[in-house]
Amino acid sequence: MYKIKKVEVTTGVYWIEVAEADLYAVCGCPADTVKHLMKQGLIVPLEHDRHHFETGPNAILLSDVFIQNGEFSNLCEFPVLQMLYRQGMILPGHPGNTGRRPLLIGSRAQVDSQIRYFHRGNYGLVSMEEMLAAGMSRTKAKAAMRLKLKFAFGRIRPTEELFDTVIAGPRPAPVRGGVTVTRVRPNVFEFAYKGETAEVDLNLPAKTGYPAPYPLGFTDPGREYFRVVHSGDGDGWDVNRPCMAAVIMHQGQVYLIDAGPNALHSLTALGVGVNEVDAVFHTHAHDDHFCGLATLMRADHRIVHYATAPVRASVVKKWAALVSRPESEFADYFDTRTLPEGRWFNVDGLEVKPVVSPHPVETTIFYFRAKNEGGYRTYAHLADITSRRVLDSFVTGDPDKPGIAAAYRDKIWRNYLAPADVKKIDIGGGLIHGEAEDFHGDASAKIILSHTALPLTDKQKEIGSGASFGMTDTLIAGEQDFLRSKAFHFLGIYLPGAKPHELRLLMNSPMVSHNPETILIKRGENHRHIHLIVTGVVERIDSDRGLSTSLPAGVLAGELSGLTGIPSPATYRAKTFVRALRLPRDLFQGVLADNNLLKSYCQLLLDREFLQQTPIFGESLSAPVHGELVKNALKVTFLPGEIVLDGEPPHLYVVIQGEAALHLEGVVVERLGSGDIFGEGWLLGSAPCLYAPRAQTLVQAYAIPGGIVRAIPVVRWKLYETYKRRMAALVDPRFSGIDIFKWREAYAVGLAAIDEDHKRLLAAASRVDTAIRRGEGHGEITRALVFLDAYAREHFKREERLFRQRRYPALAEHRRLHKLLIEEIAEKTDLARNQDVNMSPEFMSFLKEWVLDHILTEDRKFVDYLGQET
């Protein structure tokens, strides 16, 4: 009988079970991990001594990388909630409450990130100060805190009461009952117990995502003047359905209400590409409404994020904890627009009113309306709400106790019962969700019951309807052809010099609907039509070259081969329901020729085709974005041996042909070929790459202005990943000849006092590195670590004092990073004092990465902030 049981739960997620040691670990926790465990029978319901509860994991192994292939890898919120409440770990008198707490295993950075993210997901804003900073009046903030404390059973628990943690490193770390875990290489871990081992690899293969636990059939909801598409009616525990959500189509625009787990899976099934999403209306920051933000970060434009100020503050703080980035960077990926609480706000003709809803985190429900003959047509989205029974129990006449006033309860209830043409309500029950029975007398024309994993009772069926995935409610039918209007807009971008009558000539082409998995053009085919994708996503496949890219709405499929008459070099295949304008090749060529555009257009086309096949620009970029890139790109040439020095403003360089290499002090760290990039550091907060890009042969490259590149969210994130990977490579043992702690002018942030401190900090770190590498013994290593610890604390105090004086908004995040380093140094000092000096790989890698990231990126942001102030 095996002592260690290993099960592949789904792609990127594993189960490690050591029953003798009472260890049940889920390894990897992307979106909907709990649902996968339920479907595999690793979470099952039990009854014991009249208690109903579930089995499940008691530990979580975290990925080293928080986003892989555009998806969050670590989302511990629902797995931990399942342990605390559905297993009973936190419930008084429950058989599952044995004194043990959920165990988080992973790198120090990821464990810290997940603890902070869970805390925000559990509580939202945690103090009066945070509420006031989010724009609440003192009276409203006090009432909100009383409500929050009532949900939290009287107090907000510190994180150390909720978790146990194990930091996984290159040496075996004790986990539980004799089980150890070792990080054998990046994102690969080994569990060991009584002579047995099991390896867990949490790296996702390229072009692979985390599967959804439920299949969704493709549907084509179309576009109407004002239509609600129901994209989820389950909850975070429903193994068969997406969580409660909706898509609003209005005047050809696409708006999401919330972004929950597997949002891309849902959008794909609905035939909506992420680039077609104009905005998201956010109710609150629980994961079943929040964790799809990673999908929206993959757009080629900043999707508008609509929320009230308190909800946005809660969302941003949780997002920042999850991705370990400053809160200010949320606005780099989303166009944030604040909604007034309790008042109507016009969004391009669609009016929206957010109304506060009692919940453990800051939450609003939404009412939407649009004008029609005879008045407004309305849709109400009530996620998440609290039942009348719970609200009644919260009422207290003491204004200093946790709870709510009776007048507040009555106001909330009036808002809940405001009539609408269609009202979708949360009936999840329990302490923090609604109950269908409360809406028995609601005057709305149609009520839809949602946010539950349970089958509806007969009583509930008499109150409201259901709405399966993809079902629609059309509130105002469309008499306009929004798709043709969209196609006309796209053609105008491709043919800026064409006359209106020429565009109308092309617009007389048929709009063709393609089912998912339909081939539009086969590789090697001579075709007479070019397909303008108007909705949906098309896949471009060249299996011989190993290329597969997704083409969003606004892209011309088969453009190059169609215009030149050569056989198509790739296959074009619908990934979703697709609507495309089928343009005759001869008419398109004629418009180009009549305007003397054919030659220049073909050159631009070749440039666009090249960028579409590069890793950095190949995913989900629409025609306008590719056009902007190509229009502003300069072609530059570098001679063999020439070192590339960036100018002002900074540019991103994309190698067209030739070979280049990234050098540091004579060491080649990375070789570059066609499609590879360099210069990304200056585009991300003016953080220079330490490497010097040098041409090995004659190199041709595009130089694209940094401002254009930074404005594309999906590209910006890829640049950040590239920068982090290249900086991390400097701690690779293969490049041990590179002295990271030697002062370089590239380290200078431009403030003399901080630069001088950094020089001394690097010297102290170098002293530790030298002592460890020379094997000087625990006494000398301890002295070096004690000196480093003392100087780091002194420097951090001076730096934080300066930040406070200048009111630096990212001070709290900066202080947290300082704390992480101090904790790591203190731990290693204790090891050295105990004569355990075999810590070189783990500690020195951490210290080098920390120095590079902190000095080159984080401290430089403060200098940029000072520059903005002056």
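# Notebook: cavities, cores and single residues

I started at T614, which I found in the loop between α18 (598–612) and α19 (623–632); helices here are DSSP runs of H or I with at least four residues and strands are runs of E with at least two, numbered from the N terminus. I note that this is a predicted model, in which local features need pLDDT of at least 70 and side-chain atom pairs count only at pLDDT 80 or more, while totals for chains, interfaces and linings use all residues. Residues are numbered from 1 along each chain as its sequence is written, and side-chain values use heavy atoms, with hydrogens and water left out.

**Entry 1, T614.** I asked whether T614 is buried or exposed. T614 counts as buried because its relative accessibility is 4%, where buried means under 20% relative accessible area, exposed over 50% and partly exposed in between, with a 1.4 Å probe and protein chains only. I then looked up its contacts, a contact being heavy atoms within 4.5 Å, and, leaving aside neighbours within four places in sequence, T614 is in contact with V654 and G675. The side chain of T614 also reaches the backbone nitrogen of F617 at 3.3 Å.

**Entry 2, the nonpolar cores.** F617 came up again when I turned to the cores, a nonpolar core being a set of buried Ala, Val, Leu, Ile, Met, Phe, Trp, Tyr and Cys residues joined through side-chain atoms within 4.5 Å. The largest nonpolar core holds 145 residues, of which F617 and L629 touch the most other members. I noted that helix α9 (residues 309–323) gives the largest share of this core, eight residues. Not counting residues up to four places away in sequence, L629 touches L611, F617, L621, I704, I708, V709 and I712. Apart from the largest core lies another, of 37 residues, and I listed I521, L556, L592 and L605 among them. As background, I recall that nonpolar side chains tend to be buried together in soluble globular proteins.

**Entry 3, H531.** I looked up H531 in strand β30 (residues 529–535), and H531 counts as buried because its relative accessible area is 7%. Which residues does H531 touch, not counting those up to four places away in sequence? I found H514, L520, I521, V555, L556, A557, A580, L581 and R582, and I521 and L556 are also among the residues of the 37-residue core.

**Entry 4, the largest cavity.** I searched the whole structure and found eight cavities of 30 Å³ or more. A cavity is a set of points on a 1 Å grid over the protein atoms alone where a 1.4 Å probe fits but cannot get out, and its lining residues have an atom within 4 Å of a point. About 170 Å³ of space lies in the largest cavity, and of the 18 residues that line it, S231, A245, G260, A263 and S266 are the closest to its centre. The elements giving two or more residues to this lining are β16 (245–250), β17 (253–257) and α6 (263–269). I sorted the lining into 13 nonpolar, three polar and two charged residues.

I also looked at Q251, whose place is in the loop between β16 and β17. Q251 has a positive phi of about 50 degrees although it is not a glycine, and I count it as partly exposed because its relative accessibility is 33%.

**Entry 5, the second largest cavity.** For this one I noted a volume of about 120 Å³, and of its 14 lining residues the closest to its centre are A31, D32, F78, P261 and D287. I found that α1 (33–39), α2 (77–86) and α7 (287–290) each supply at least two residues of the lining, which divides into nine nonpolar, two polar and three charged residues.

Where does D32 lie in the chain? I placed D32 in the loop between β3 (23–27) and α1, and its phi is near 65 degrees, a positive value in a residue other than glycine. D32 counts as buried because its relative accessibility is 10%.

**Entry 6, a cis peptide bond and A692.** I recorded a cis peptide bond joining A383 and D384, with omega about -5 degrees; D384 lies in the loop between β24 (375–382) and α11 (388–394). Last, I looked up A692 in strand β41 (residues 692–695), and, leaving aside neighbours within four places in sequence, A692 is in contact with I643, A661, L662 and H663. The C-alpha atoms of A692 and R86, 606 residues apart along the chain, are separated by 54 Å.

Key. A polar contact is a pair of N or O atoms within 3.5 Å; within protein, one must be able to donate a hydrogen and the other to accept it, and residues adjacent in sequence count only if both atoms are side-chain atoms. On a 1 Å grid over the protein atoms alone, a cavity is a set of points where a 1.4 Å probe fits but cannot get out, and a pocket is an open set with protein on both sides within 12 Å along at least five of seven lines; lining residues have an atom within 4 Å of a point. Grid points are joined across faces, edges and corners, and a volume is the space filled by probe spheres set on the points. Ala, Val, Leu, Ile, Met, Phe, Trp, Tyr, Cys and Pro count as nonpolar, Asp, Glu, Lys and Arg as charged, and the others, Gly among them, as polar.
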